[in-house]
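Let's take a walk through this structure together, one stop at a time. Keep the sequence and the 3D view open as you read.

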Amino acid sequence: LQAGCSRPPTLGGPRFAFPDWAYKPESSPGSRQIQLWHFILELLRKEEYHDVIAWQGDYGEFVIKDPDEVARLWGVRKCKPQMNYDKLSRALRYYYNKRILHKTKGKRFTYKFNFNKLVLVNYPFIDMGMTGDLNTPDLG
């Protein structure tokens, strides 16, 4: 892990940890380059936000305990003081179509990451079905 990147407490086992590739140096607070899904991972890994957002249930599942505060924090990060949960949830729904995230049925403010899809989004050159040597060209 790089300096400044620490692993979150695993709270009941490794199922609450997220993949190593998701750990990268945090964007500077005023940066507009961060994606919402990565911002959510940042909040989830920091103990100080446990009352606002937390891992729960199945691997990759989290609950937004204080939707207004998560929206406020996202607005601060993106320099958008008018941010509210309605706008934030619209941004979250964008990830449904991309299959990066989905809403957990029957649970309010509860979502689940599809880490397999996030790997493909962030590392499109990786063939998840490949079993051979990465350096072997496909001659087929």
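To speak of a loop, we first need its borders: helices and strands here are DSSP runs, with helices of at least four residues and strands of at least two, numbered from the N terminus. Please also keep in mind that this is a predicted model.

Our starting point is Val52, which you will find in the loop between α1 (36-45) and β1 (53-55). Is Val52 buried or exposed? Its relative accessibility is 11%, and buried means under 20%, so Val52 counts as buried. Part of its surroundings comes from further along the chain. Although Val52 and Lys65 are 13 residues apart along the chain, their C-alpha atoms are separated by 4.9 Å. If we set aside neighbours within four places in sequence, Val52 touches Val63, Ile64 and Lys65, and also Asp66, Glu69 and Val70.

Step back now to helix α1. This helix is mostly covered, with 10 of its 10 residues buried. The buried residues include Leu36, Trp37 and His38, and charged-type names such as Glu42 and Arg45 appear in the list too. One member of α1 deserves a longer look: Phe39, which is buried with a relative accessible area of 4%.

Phe39 brings us to the aromatic rings. How many aromatic pairs does a search of the whole structure find? The search finds 9. In one of them, Phe39 and Trp74 form a tilted pair, 5.0 Å from centre to centre and with 50° between the planes. Since Phe39 lies in helix α1 and Trp74 in helix α2 (residues 67-77), the pair ties together parts that are 35 residues apart in sequence. Trp74 counts as buried as well, at 7% relative accessibility.

A second ring pair is made by Trp55 and Phe62. Their centres are 6.4 Å apart and their planes stand at 90°, so this pair is edge-to-face. Both Trp55 and Phe62 are buried. Ring pairs also link these two residues with Tyr59, Tyr111, Phe113 and Phe115 into a cluster.

The strands come next. Strand β2 (residues 61-64) runs antiparallel to strand β4 (residues 110-113), and 3 bridges join them. Here Phe62 stands opposite Tyr111 in β4. Strand β4 also pairs with strand β3 (residues 101-103), again in the antiparallel sense and over 3 bridges. Which residue in β4 is the bridge partner of Lys103? The partner is Tyr111. Lys103 also lies over the face of Tyr111, at 5.3 Å from the ring centre. Between β3 and β4, the hairpin has 6 residues, and Gly106 takes a positive phi near 80° there.

Our last stop concerns charges. Side chains of opposite charge can pair when their charged atoms come close. The count for this structure comes to 4 salt bridges, and we can visit some of them.

Asp58 forms a salt bridge with Lys112, and their closest N and O atoms are 3.9 Å apart. This pair links distant parts of the chain: Asp58 is in the loop between β1 and β2, while Lys112 is in strand β4, 54 residues apart. Asp58 counts as partly exposed, at 47% relative accessibility, and Lys112 is partly exposed too, with a relative accessible area of 21%.

Another salt bridge joins Lys107 to Glu61, with the closest N and O atoms 3.4 Å apart. Lys107 sits in the loop between β3 and β4 and Glu61 in strand β2, so the pair ties together parts that are 46 residues apart in sequence. The two partners differ in how they are covered: Lys107 counts as partly exposed at 36% relative accessibility, whereas Glu61 is buried, with a relative accessible area of 4%.

Finally, look at helix α2, where the side chains of Arg72 and Glu69 meet in a salt bridge with an N to O distance of 2.8 Å. What separates Arg72 and Glu69 along the helix? They are 3 residues apart in α2, so about one helical turn lies between them. Arg72 is partly exposed, with a relative accessible area of 43%, and Glu69 is partly exposed with 22%. Glu69 also takes us back to where we began, as one of the residues in contact with Val52.

Terms used
Residues are numbered from 1 along each chain as its sequence is written. This is a predicted model: local features need pLDDT of at least 70, side-chain atom pairs count only at pLDDT 80 or more; totals for chains, interfaces and linings use all residues. Side-chain values use heavy atoms; hydrogens and water are left out. Two strands pair if DSSP finds at least two bridges between them. Buried means under 20% relative accessible area, exposed over 50%, partly exposed in between (1.4 Å probe, protein chains only). Contact means heavy atoms within 4.5 Å. Rings of Phe, Tyr and Trp (its six-membered ring) pair if their centres lie within 6.5 Å; planes under 30 degrees apart count as stacked, over 60 as edge-to-face and the rest as tilted. A charge sits over a ring if NZ of Lys or CZ of Arg is within 6 Å of the ring centre and within 35 degrees of the ring normal.
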